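Welcome to the tour! Open your viewer, get comfortable, and follow along one selection at a time.

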Amino acid sequence: MSDQYQVFANSGIGKFVIKNLGLPSPVVLDRYVSATPVLQGAVLLGAAKVGAVSAAISQTLNNIHANSYAGADAALQQQAAKIGLNLSAFNAGDKEAKFKAVIFDASGIENSDQLVALYDFFHPIARQIQRSGRVIVVGVQPETAGTVAKAIAQRALEGFVKSIAKEFKKGITAQLLYVDQGAEANIESSLRFLLSPRSAYVSGQVLRVQAAETVEVDWSKPLAGKTAVVTGASRGIGEAIAHVLARDGAHVICLDVPQQQADLERVAAEIEGSVLALDITAADAGEKIQAAVAAQQGLDIIVHNAGITRDKTLANMKPELWASVININLSSIERINDYLLAHEVLNSNGRIVCVSSISGIAGNLGQTNYATSKAGVIGLVKFTAPILQKGITINAVAPGFIETQMTAAIPFAIREAGRRMNSMSQGGLPIDVAETIALFTSTASTGLNGNVVRVCGQSLLGA
Ligand code: NAP
């Protein structure tokens, strides 16, 4: 469904009216176009203290051939030079310079006094970040900080990043990347995602990277040779996920209810994938998936996207509405995962990605069943992540307002509120959810396990 208000807001007269009335101004967000560089514009790098994390950031910037700058920090310059990255000099007084991305390594901040490094770095350049720009602050997980003072300071980063995400406007996103000690070599897939237009509708989020095996990937086809199952793939977000995973090189088995066979076949044909018409609540769903992947080399990725809403206030809710939502959105995922793991259907380094919702984080009027199921999905990810073996990971995305048939069915006034009540003043697109899922499915994302990332343009709900 097109957003007519956004079209108006970006017209000549619309810009004038919106500025003068102080209305929300939804800019057109940059979105990823195949075969374009990760970052189209300059990046400014800074560090509270030069160390292993800043070295890893420089390594990624070098790998993506970023046009990189740093202020007067000789240690950072020297470290980058050793890696082969040329950091051009940036004079903090130069107000003409514009940056598409700004990365600050805050992992060396040891106590709350040193948080002033954030102010010193960001204050002078706060107006020099371009439209759809990227701000990334990198820290260490407070739980692993070593001292209480450091843990406090590292936890404080979250408030800074979430505020920047609200202040900078113009489609600029801001994220916090917590990197465990020893996980520096695992940050590249996350950094590439957060720097690029793939993360257009992800903002104010915290992503945690753990130490894990590192693997070489072809970044243009990170899923080459992999087999993926995507549930609910006949339309909406599932269709976009199927397209993105196929673009990244996977053979995608598109799964949906038999009633959606025609659309399922259309999607599968578009991406040279295959079709599995199946109700995921069937008792033998795991076996059916196992049979479907038998012709491939096993299963590498499962994306649990299929979901339904059956909204009613609790007082008006019939028992079957409660039961079907919990069964489809939560219990069937548990049953399928249990089967795939118990029967070793999922290959080593396999990826499980679930689709939650900000309703599962914030709760929502008329959605006791849905919010329960989606909060359960967050629990499923949190409590399954530590017990997985053989390099298998599980993560979730929690979409906010995404333009699909599901949200088109919402009454106008509530739909408009849902669209505007976020830092981007607009709804996200199915592709935004799909790109975030692709981060988690990436062969290179070995260090991402147990994360729940909201794809909601920093919605006010549950923030
Ligand atoms: P959608 O357009 O309704 O598509 C969901 C697909 O899943 C439909 O094709 C649906 O088939 C299928 N499905 C339902 N029950 C199934 C079952 N038992 N077995 C197999 N397939 C089944 O939904 P969407 O908007 O793309 O949402 C996709 C996911 O994102 C859902 O989990 C949803 O909760 C979540 N989400 C969406 C939003 C949003 O703003 N759109 C926000 C937060 C979270 P039917 O035709 O039978 O329904």
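**Stop 1: the ligand and its neighbours**

Select the ligand first, then show the residues around it. In this predicted model, 28 residues surround the ligand. Color D256, Q260, N305, Y370 and T404, for these are the closest.

What kinds of residues make up this shell? Sorted by class, 13 are nonpolar, 11 are polar and 4 are charged.

**Stop 2: polar atoms facing the ligand**

Keep the ligand on screen and add R235. An N or O atom in the side chain of R235 sits 2.9 Å from an oxygen atom of the ligand. Now show the backbone of I237: one of its polar backbone atoms is 2.8 Å from a ligand oxygen. Next, select D279. Here the ligand contributes a nitrogen atom, and an N or O atom in the side chain of D279 lies 2.9 Å from that nitrogen.

How much of the ligand does the protein bury? Taken alone, the ligand exposes 890 Å², and the protein buries 91% of that area. Try switching on a surface view to look at this for yourself.

**Stop 3: helices that line the shell**

Switch to a cartoon view and select residues 236-247, which form helix 8. Add helix 13 (368-384) and helix 14 (405-408). Each of these three helices supplies at least two residues of the shell around the ligand.

**Stop 4: helix 16 and its partners**

Stay with helix 8 and add helix 16, residues 430-441. The axes of helix 8 and helix 16 come within 8 Å of each other and cross at roughly 45°. That angle makes helix 8 oblique to helix 16. Their crossing is right-handed.

Now bring in helix 7, residues 188-195. Helix 7 packs against helix 16 at an angle of about 165°, with the two axes 10 Å apart. Because angles over 145 degrees count as roughly antiparallel, helix 7 and helix 16 are roughly antiparallel to each other. Helix 7 also passes helix 16 in a right-handed crossing.

**Stop 5: back to helix 13**

For the last stop, return to helix 13, one of the helices that supply residues to the ligand's shell. Select helix 11, residues 319-342, alongside helix 13. How do these two helices pack? Their angle is about 15°, and their axes are 8 Å apart. That makes helix 11 roughly parallel to helix 13. Turn the view to look at their crossing, which is right-handed.

Methods: Residues are numbered from 1 along each chain as its sequence is written. This is a predicted model: local features need pLDDT of at least 70, side-chain atom pairs count only at pLDDT 80 or more; totals for chains, interfaces and linings use all residues. Side-chain values use heavy atoms; hydrogens and water are left out. A residue is near a molecule or strand if one of its heavy atoms lies within 4 Å of it. A polar contact is a pair of N or O atoms within 3.5 Å; within protein, one must be able to donate a hydrogen and the other to accept it, and residues adjacent in sequence count only if both atoms are side-chain atoms. Accessible areas come from the Shrake-Rupley method with a 1.4 Å probe; for residues, only the protein chains shown count as cover. Helices (H or I, at least four residues) and strands (E, at least two) are DSSP runs, numbered from the N terminus. Ala, Val, Leu, Ile, Met, Phe, Trp, Tyr, Cys and Pro count as nonpolar, Asp, Glu, Lys and Arg as charged, and the others, Gly among them, as polar. Axes are lines fitted to C-alpha atoms, for helices over the stretch in contact, and angles run from 0 to 180 degrees between N-to-C directions. Angles under 35 degrees count as roughly parallel, over 145 as roughly antiparallel, 65 to 115 as roughly perpendicular and the rest as oblique. A crossing is left-handed if the near helix is turned anticlockwise from the far one by less than a right angle, and right-handed if clockwise.
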